[in-house]
Structures are given as C-alpha cells and as structure tokens.
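Here are some notes to read alongside the structure, written for someone new to looking at proteins. Keep the view open and find each part as it comes up.

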Amino acid sequence: MALNLRQKQTECIIRMLNLNQPVNSTSTGNEEEVYKMLIFDRFCQNVLSPLIHVKDLRKHGITLYFLIDKDRKPVHDVPAVYFVQPSKNNIDRIVADASRFLYDNFYLNFSSSIPRPLLEDLASGTLNSDSVQRISKVHDQYLEFITLEDNLFSLAQKNIYVQLNDPSAGDREIEEIIERIVSGLFSVLATLAVVPVIRCQRGGPAEMVASALDQRLRDHLLSKNNLFTEGGGFASSFQRPILCLFDRNFELSVGIQHDFRYRPLVHDVLGLKLNRLSVQGEKGGMKSYELDSSDPFWVANGSLEFPEVAVEIETQLNKYKKDVDEVNRRTGGTDGAEFNGTDLIGNTKHLMNAVNSLPELTERKQIIDKHTNIATVLLGEIKERSLDSYAKKENDMMSRGGIDLNELLSALKGKGTKLDKLRFAVIYLISSESINQSEVEAVEAALRESEVDISAFQYVKKIKSLNVAFTSANSATRSNIVDWAEKLYGQSISAMTAGVKNLLSSDRQLALTRTVEGLMEGKPNPEIDTFLMFDPRAPKSSSGTSTSHLKGPFKEAIVFMIGGGNYVEYGSLQELATNQQPVKHIIYGSTEILTGVEFVEQLSLLGQKMGLGNVTAATAAPPPPGR
C-alpha cells in the first residue's frame, strides 16, 4: 500500500481526539459519546487546519476549542485535550490551568518528544499546586509537521535558508537548526512508520541533517518498543522508501522563477496558505476559498498551464449547463399529451433522479464558480504584471543560457512589480554562463531606476563570481576559495559551489527531478554517484556512512528540501511519479513552502547581512567635489 501522509496524520489526530484510544475498535454502537474540549497553540492549530474541519471536530466529540494563550473560564465534567508544542511557555500555561482547576481531566499531547527538563517542570509545577491528579495522560505525538496534500508537507520552520547561510551564524546556532529539522523529519517518518534508506548531497546542511537523522533513528531502533512497526526481515525491508535530502542551493533558480502553471501561480500570486486563500469577489468584498483534495477541479488541473485551466473551466461550465438542461427536459410535463398512469410513473422516476442529482449539480456549480472567480483575479494580475511574459522569458533564459541585453532591459523597464523585476534579473544572473561586467552594471542601473532594492541581486552575483572562480581554479586554489568562502558566506557554500552545474537546468526537467529519478533507479550514474548513503538498519562504517544492500530500484521516495520548497518542484516530482512504469510514489516536503517573492526576500536579507545592498537612484549620494 502506498504511503499516504495525509491519511496517516489524520488517523493519528483522530486517535488523539479520542483520548488516544483506538477509534471504533471495540465499538458496539451504544457507548455514550464523551464530550471534550480542545486546547491548542498556534503551531498545532496550523497542523490541524488542513486536515480537520470544524464539523469534523464535532464528529469526534469536541464541543469547544480554544487557543492556549487565551483566557478561559473553568468547565467541569468535561475532559480537556491539549495539543501543543513542548515549550516552556506552554508548560507554564498548563501548570497554571491545572492549579486553577480549570478542567477535571487533562490529556496532554505534545507535537514532538517533550524534553526531560520540561517534563520535570510539569511534574513539579502540578505537585506544588496539588493538581497532579488532574493530569490523566501525557503523550508524545510526533506530529511536528503540516500536511497540505496527500504527498506534500512542510515543517513550517521559517527563514531556515537565511539562518543556514548567515555569515555570522555560529556552530551552536547551526546545530540547533539542524536538530529542529531532524526532529520534524523524525515525526514524519514515525507517522508513516518507515525507516528509509537516506541519500544526500555531500557537504552542507543536507549531509548534516542526514547524519544526525541516521543517528537519531539508530538510537531509537535500539529500544524494544519503538515507533517503527515494520519488521526487520528482508521481505519488509525490501519495500522501504528512499529519503532524498537536498539543500536549496542545489537548484536556486526554481525558488525564484515565475511559473505559469495553475497551482504554483495561485500560490505565488494569490498567496495560498494552509490550503486557503482570499480573493476579491465578483460583487466586491473578499471571498475565502479552500483548495485541497476535496476539490476535484484543483486536484485534476493544478499542474496545467493557466490558459488550459481557463479552457477547462469553460468545458466544465458547458457540461454543467447541458446536465441541468437534461434534468429540466426529463422533469418537464408532456405538454398537450393525454395524461395517463404510465406517464405518472415515468415522471415520478425522473423527478426522483432529478432530486438525487441536485446536490451533485449544486456542488459542481460551486466549484466552477470558485475557479471562475480565482481565474478572473489571476488573469487581472497576469495582464497587469505581464506574468506570462516573465515566465516565458525566464524559461528561455534557463534553457538557452542567457538573453539579449536589449530584451532584458526593456522587460525591466516594462510592466511588473519591483519584486517581479528583481526575480527576473536574478534569473538572468543564474542562467548566464559567465558574468559580463558591463551587462550586469546596465541591469543594476535599470533596477535602481525602478527603485528596486538590489541586495538579493548582488548576493547572487557574489556567489556566481565565486562559482566561476571555483570551476576555473585548480584543486589547490579551489580548497582555498572554499575556506575563504565559508568564513565569508556561512555554512553551506561548499554545497553552493559544488552545485554550480545545477544552477543551469539544461532541459525542461528540473535538476532535482532528474536526480531523484536517478536515486530511485539506483543504477550507476555520474550525477548521483557523489551522493552519500545512510542506512539506519545497516552496520555503520568507519566514515560514519553505511553501505546498504538496498541499492534500488525504489518504488517510494520522500524528497526533502532544506531552506524552502515550492509548488513547482512538488508538481514536477508528482509528474515524474505518475509517468513511471509501473507508477512510483513520491512525497515532497520542505522546511517551509515559499513563494518566489518570499524566497527573494530571504536572499535580500542575506545580501544586507553581508553589507551588500542598495542605494536607490533617488537616494544616491552626490559625488564628492573634484571628481
């Protein structure tokens, strides 16, 4: 059975809401329903939001729900289910709630494993306030991630790219970030109950996460009652998935490019968050929509280019009108004909069919109206900002390796927001095989003229010049460049310089997708032979990695991007999975899901931290006298 992260996490949450009892295992149908309250923090609210709707909470006996930091009144005779991160603030609040006797029974569920010092704080706090007997159960739930679709998750850890590439970040800070990522990934694997074979880029954050996760899984597998229920036998281990870890610098361009497919476009332009968005309604006022697996149009057409989606909306609307006409025709009277009993029976049957088809027709109309509204708003943005032109030109640049300077400058002086222009200019830098100084100066001048902050542009230019120096240098000079670069640029510059070829995707398939395909096949391949392997079930070698008898092919993969993922990569990997014979299964996750604007803002922040940055044309200092 294919791994389904959404289903597995939902099952864990429902069991938690059921006071950690298996749901309906011994149900005889006449048990009295237990009514409960649910208390959560912001993070856990976001975990629940894409999976459980308010009506579903009622179904599981939850009658009231509150944020933990809100003031609440006592409610007796109703157990309280807490679902929170294991933090000092949350523990203090739970102790305060228990000491005020807010509820008779506390069922405490932590989103990840609660550290021993916090558990001791909880114990001493409730003992001192004589409320320890109210704590009925304490559970580590390992749900420290947000599932957005069956095969898409986020750890919701913000600004990881900046933190890992910050030149001023110390070793301790980097270790803490890596530990948080490992904890999130451990939660995902525990929820799926699988121990994967891990493959990662050599050097940088990907290797650090792989090594720490391997050790965490090894330590956990030593305990008899571990979370991974799969057997250790050869038959079960043969079906194990592969976990492929990448650092955002592996393929920088995808995080920045404009894309013209429906799902990435809705995310990038309209700000899809936790499967929800708000857009201007046809009659004014804002309309909120959910876009998830319950919407068949979104599932079927999310990967199509925008013009194809517009055609599909039209097709669905015509089909709907035809079906409505058919219902009307069948239920209409037989005008002028003599009435007889057979007509009555026939008409009654048609009426019953019509009544039965009404809910389905109504739902179809709501979905068509929703996507018509979304597409109309998108079309307005596309025309106003020339987004189709940006997407096409960027794609051409990436496949051709450059663009004519006049075409580039006219685009920078044309339509689009300041950040559209900045993203376009950065893609020009990434796609060019070498840096032409006079061209770059002309681009910077055009950006300044549009009052664009060029910190991100200058940051990528620095990295690019470093890459050029790195690839043209001999091996002795190379190691000097890397040493110097790591001092200047922070931790993951080795991955950045080693991955220079990936900044230039030679064809339409992303470098990430091509690499994942190779890793899943497991055949010798120069593109993936440098990737390290860790198998937590295999003996460890002296180098710290492990050789596994599992070389592939793998039917299932979990692909994880450190430093920010996006819907473009998600769509590309799903396409790869469905085009394979037989069909493969790929789950994609990231430290956070970012729009192109959000990622470029992180690049700008890094540029500013390195003292690169902007003096806009309007505020440029006058030249000193005599120059």
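Which residue in the turn of the hairpin formed by β10 and β11 has a positive phi? Keep that in mind until point 6, and please remember throughout that this is a predicted model.

1. Let's begin with the whole chain. The protein chain contains 23 helices and 14 strands. Of its 627 residues, 50% are buried. About 29500 Å² of the chain is exposed, and carbon and sulfur atoms supply 53% of that area. Looking at contacts with a separation of 6 or more, you will find that 80% come from residues 24 or more positions apart.

2. Next, the open sheet of 5 strands. Its order is β2-β1-β3-β4-β5, and the pairing is parallel. β2 (62–67) and β5 are the edge strands, and each has a single partner, so one side of each is left without a neighbour in the sheet. On average, neighbouring strands here are turned by 15 degrees against each other, direction ignored. For a pair to look up, try strand β1 (residues 36–40) and strand β3 (residues 80–84), which are parallel and share 4 bridges. Within this pairing, L38 has V81 in β3 as its bridge partner. As background, strands of a sheet pair through backbone hydrogen bonds, either parallel or antiparallel.

3. There is also an open sheet of 7 strands. Reading across it gives β6-β7-β14-β13-β9-β8-β12, and here the pairing is mixed. The edges are β6 and β12 (532–534), each of which pairs on one side only. Neighbouring strands of this sheet are turned by 20 degrees against each other on average, again with direction ignored. Strand β7 (residues 152–154) runs parallel to strand β14 (residues 585–590), and 3 bridges connect them. F153 is found opposite G589 in β14. Helix α1 (residues 5–17) lies across β6, β7 and β14, and runs at about 135 degrees to β6.

4. Strand β9 deserves a point of its own. Is it buried or exposed? In β9 (residues 242–247), 6 of the 6 residues are buried, so the strand is largely enclosed by the rest of the structure. Both of its faces are covered: I242, C244 and F246 are buried on one side, and L243, L245 and D247 are buried on the other.

5. Now look at the strands that pair with β9. Strand β8 (residues 197–200) runs parallel to β9 and is joined to it by 4 bridges. R199 has C244 in β9 as its bridge partner. Strand β13 (residues 556–562) also pairs with β9 in the parallel sense, over 6 bridges. There, F246 is matched with M561 in β13.

6. Back to the opening question: the residue is G284, whose positive phi is about 80 degrees. This hairpin has 5 residues between β10 and β11. The two strands, β10 (residues 276–280) and β11 (residues 286–290), run antiparallel and are joined by 5 bridges. S278 has S288 in β11 as its bridge partner.

7. Aromatic rings are worth a tour too. The count comes to 17 aromatic pairs. Why is the pair of Y142 and F186 called edge-to-face? Planes over 60 degrees apart count as edge-to-face. The ring planes of Y142 and F186 stand at 65 degrees, with centres 5.6 Å apart, so this pair falls in that class. The pair links distant parts of the chain, 44 residues apart: Y142 is in the loop between β5 (135–140) and β6 (146–149), while F186 is in helix α7 (residues 171–192). Elsewhere, ring pairs link Y82, Y103 and F106 into a cluster.

8. Finally, stay with F186 a little longer. Its partner Y142 has a relative accessible area of 13% and is buried. F186 is buried as well, with a relative accessible area of 1%. R216 lies over the face of F186, 4.2 Å from the ring centre. For another arginine placed over a ring, find R263, which lies over the face of W298 at 5.7 Å from the ring centre.

Technical notes: Residues numbered from 1 in each chain as written. Predicted model: local features only at pLDDT ≥ 70, side-chain atom pairs only at ≥ 80, totals over all residues. Heavy atoms only, no water. Buried < 20%, exposed > 50% of the residue type's maximum accessible area, 1.4 Å probe, protein only. Contact = heavy atoms within 4.5 Å. Areas by Shrake-Rupley, 256 points an atom, 1.4 Å probe, with all protein chains shown as cover. Phe/Tyr/Trp six-rings, centres within 6.5 Å; stacked < 30°, edge-to-face > 60°. Lys NZ or Arg CZ within 6 Å of the ring centre and 35° of its normal. Pairing = 2+ DSSP bridges. Axes fitted to C-alpha atoms, helices over the stretch in contact; angles between N-to-C directions.
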